[in-house]
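User: I'd like a close look at the empty space in this protein, starting with its pockets. Could you walk me through it in one go?

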Amino acid sequence: PFIAIARHLLAEGYSAPDIYANDVAAGFLLLEDLGDDCYTRLLDGPTPPVAEQALYEAAVDLLIALHRRAAPAELAPFDAATLLAEVELLIDWYVPRQRGAAPSKALRQSYARAWRDVLPLAQRVPNALVLRDYHADNLMWLPARAGARDDPNGVRRVGLLDFQDAVRGPVPYDLVSLLEDARRDVPPAIAAAMIRRYLAANPALDEASFGAAYAVLGAQRNLRIVGVFSRLCARDGKAQYLALLPRVWGLVEHDIAHPALAPVKAWLDREIPPDQRERAP
């Protein structure tokens with residue numbers, strides 16, 4: 001999958017790592033090194049060489065360009081059944097840690113019902129190539145690639161990593177991944193400006209439908225992450241991921257405030273009320 005998506009991105013003119021050689025049977029790739037300047041390193045440095053907003057604008061412009069092109073036909077669909085299966089990781093791994101017992105069948109069914117009520121809203125926007133983990137840790141800054149005649153928007157300045165799980169799904173998903181980052185706080189003003197930037201470049205999108213889909217996908221992604229981080233702790237002994245949960249729960253609460261998420265909010269407020277969610281100190 002990594003080879004297939006990399007070749008697609010390279011053929012479309014994006015800065016995925018070039019594949020110099022591969023031995024799939026042995027599990028080896030010889031890849032281009034895109035350097036050390038990932039977004040996270042630049043943004044967390046003492047004197048960032050480029051403004052935070054400029055980095056995010058470049059990342060959003062890449063998504064705008066990417067979504068104007070057809071996704072590879074062989075990609076799996078990121079449909080409601082897949083989204084539901086992913087968000088059930090909260091039930092599988094967070095609830096047992098929270099309650100000290102396995103979830104009941106009734107609890108699992110009520111959670112699934114709440115999500116079935118809202119997931120259709122995520123499908124009321126166009127589909128495109130979704131890279132899945134499009135956030136600061138996986139984006140590289142490559143300013144030397146700016147200025148190409150066939151790259152007027154400068155999207156080649158943004159190097160892409162970790163895209164082997166790509167699917168064909170709703171266009172807000174990667175924007176959610178970028179702006180609702182589990183590992184760093186994106187200033188609300190920048191997040192709002194980036195959503196406006198994306199919508200301004202796509203005037204055919206219905207803003208209300210896009211906003212509802214964005215909130216649904218944000219809640220889905222963030223509750224999945226709560227489940228994944230709980231699994232990393234319980235199954236793999238990686239307790240350090242629990243330190244990220246206060247931020248992720250904060251993102252969940254932001255998403256479920258949208259009226260479209262009323263059934264999921266009601267379920268969470270009843271079964272995992274705010275005082276049972278991790279809080280930032």
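User: By class, how many nonpolar, polar and charged residues does the lining of the largest pocket have?

Analyst: Bear in mind that this is a predicted model. The lining of the largest pocket comes out as 11 nonpolar, three polar and seven charged residues. That makes up a lining of 21 residues, and the ones nearest the pocket's centre are Glu180, Ala191, Ile195, Tyr214 and His254. As for which elements supply two or more lining residues, they are helix H8 (188-201), helix H9 (207-236) and helix H10 (245-256). H9 gives the most, with five residues. The space in this pocket is about 440 Å³.

Now for the second largest pocket, which has a volume of about 270 Å³. It has 17 lining residues, and Asp133, His135, Arg183, Arg221 and Phe229 sit closest to its centre. H9 turns up again as the element that gives the most to the lining, here with six residues. By class, this lining has six nonpolar, three polar and eight charged residues.

Since H9 keeps coming up, here's how it packs against H10. Their axes are 8 Å apart and the angle is about 155 degrees. With angles over 145 degrees counting as roughly antiparallel, that makes H9 roughly antiparallel to H10. The crossing of the two helices is left-handed. On the H9 side, the contact uses Ala215, Gly218, Ala219, Asn222, Leu223, Ile225, Val226, Phe229 and Ser230. They meet Leu245, Val248, Trp249, Leu251, Val252, Asp255 and Ile256 of H10. Sorted by class, the contact has 12 nonpolar residues, three polar and one charged. Phe229 is worth a second glance: it is part of the H9 contact with H10, and it is also among the residues closest to the centre of the second largest pocket.

That leaves enclosed space. Searching the whole structure for cavities of 30 Å³ or more gives one. The largest cavity has a volume of about 40 Å³. Around it you'll find Leu131, Asp133, Tyr134, Asn138, Leu139, Leu160, Leu161 and Asp162. By class, that is five nonpolar, one polar and two charged. Asp133 plays a double part here, since this residue lines the cavity and is also one of those closest to the centre of the second largest pocket.

Notes
Residues numbered from 1 in each chain as written. Predicted model: local features only at pLDDT ≥ 70, side-chain atom pairs only at ≥ 80, totals over all residues. Heavy atoms only, no water. 1 Å grid on protein atoms, 1.4 Å probe; cavity = no way out; pocket = protein on both sides within 12 Å on 5 of 7 lines; lining within 4 Å. Points joined across faces, edges and corners; volume = space filled by probe spheres on them. Helix = DSSP H or I, 4+ residues; strand = E, 2+ residues; numbered from the N terminus. Nonpolar A, V, L, I, M, F, W, Y, C, P; charged D, E, K, R; others polar. Axes fitted to C-alpha atoms, helices over the stretch in contact; angles between N-to-C directions. Parallel < 35°, antiparallel > 145°, perpendicular 65-115°, else oblique. Left-handed = near helix turned anticlockwise from the far one by under 90°. Contact = heavy atoms within 4.5 Å.
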